[in-house]
Amino acid sequence: MAGDIASLGAKMVAISPQIEKYNRAMIKKHHLSFDILSDPANAVADQYGLVWEVGKDLQKVYTAFGIDLNRFNADGRWRLPIPARYVIDRDAVIYSAEVSADHNDRPEPEETVEFLRSMIKG
């Protein structure tokens, strides 16, 4: 998908609160062709109001599945960024923004490609 985006003259990056070593491992494990930038303690996501607190019950579920945010994010907090997608040009103009309060609802990469194609067509 990142190749399709690059062919349209754009670049895709992901932003994660995970510490860099886990982001690098994710890229390697899944053979990702885009960068994952680290946002320690969700500092940037917090500035945009894109963070939610994981409740105690859900923390237990996550832990049972081996998801330990304290280890991955190294900030001692159970907070995650809200999924979002932005299409931003070189002048920092936002052309598209999609945010979902449901952490399971992720923007479809193909929708990003189609949006970029429509921008090129004008």
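Buried here means under 20% relative accessible area, exposed means over 50%, and partly exposed is whatever falls in between (1.4 Å probe, protein chains only). By that yardstick N42 is buried, at a relative accessible area of 0%. The model is a predicted one, so to speak of local features takes pLDDT of at least 70, side-chain atom pairs count only at pLDDT 80 or more, and totals for chains, interfaces and linings use all residues. Residues are numbered from 1 along each chain as its sequence is written, and side-chain values use heavy atoms, with hydrogens and water left out.

N42 sits in the loop between β2 (35-38) and α3 (43-47); helices (H or I, at least four residues) and strands (E, at least two) are DSSP runs numbered from the N terminus. Setting aside neighbours within four places in sequence, N42 is in contact (heavy atoms within 4.5 Å) with P17, V51, R79, L80 and P81. As for β2, this strand pairs with β1 (residues 13-16) in the parallel sense over 4 bridges, pairing being called when DSSP finds at least two bridges between two strands. One such match puts S16 with S38 in β2.

R79, one of the contacts of N42, also turns up in salt bridges, each defined as a side-chain nitrogen of Lys or Arg within 4 Å of a carboxyl oxygen of Asp or Glu. The count by this rule is 8. R79 forms one with D46, the closest N and O atoms being 3.3 Å apart. That pair ties together distant parts of the chain, with D46 in helix α3 and R79 in strand β4 (residues 79-81), 33 residues apart. R79 also meets E53 in a salt bridge, at 3.8 Å from N to O. Here again distant parts are linked, since E53 lies in strand β3 (residues 51-53), 26 residues from R79. D46, E53 and R79 are thus joined in a network of salt bridges. The three differ in cover: R79 counts as buried at 5% relative accessibility, D46 as partly exposed at 41%, and E53 as exposed at 51%.

Further along, 5 bridges join β5 to β6, and the two strands run antiparallel. R85 stands opposite E98 in β6. In the hairpin of these strands, with 5 residues between them, A92 takes a positive phi near 70 degrees. β5 has a covered face, R85 and V87, and an uncovered one, A84, Y86 and I88. In a regular strand the side chains alternate between the two faces of the sheet.
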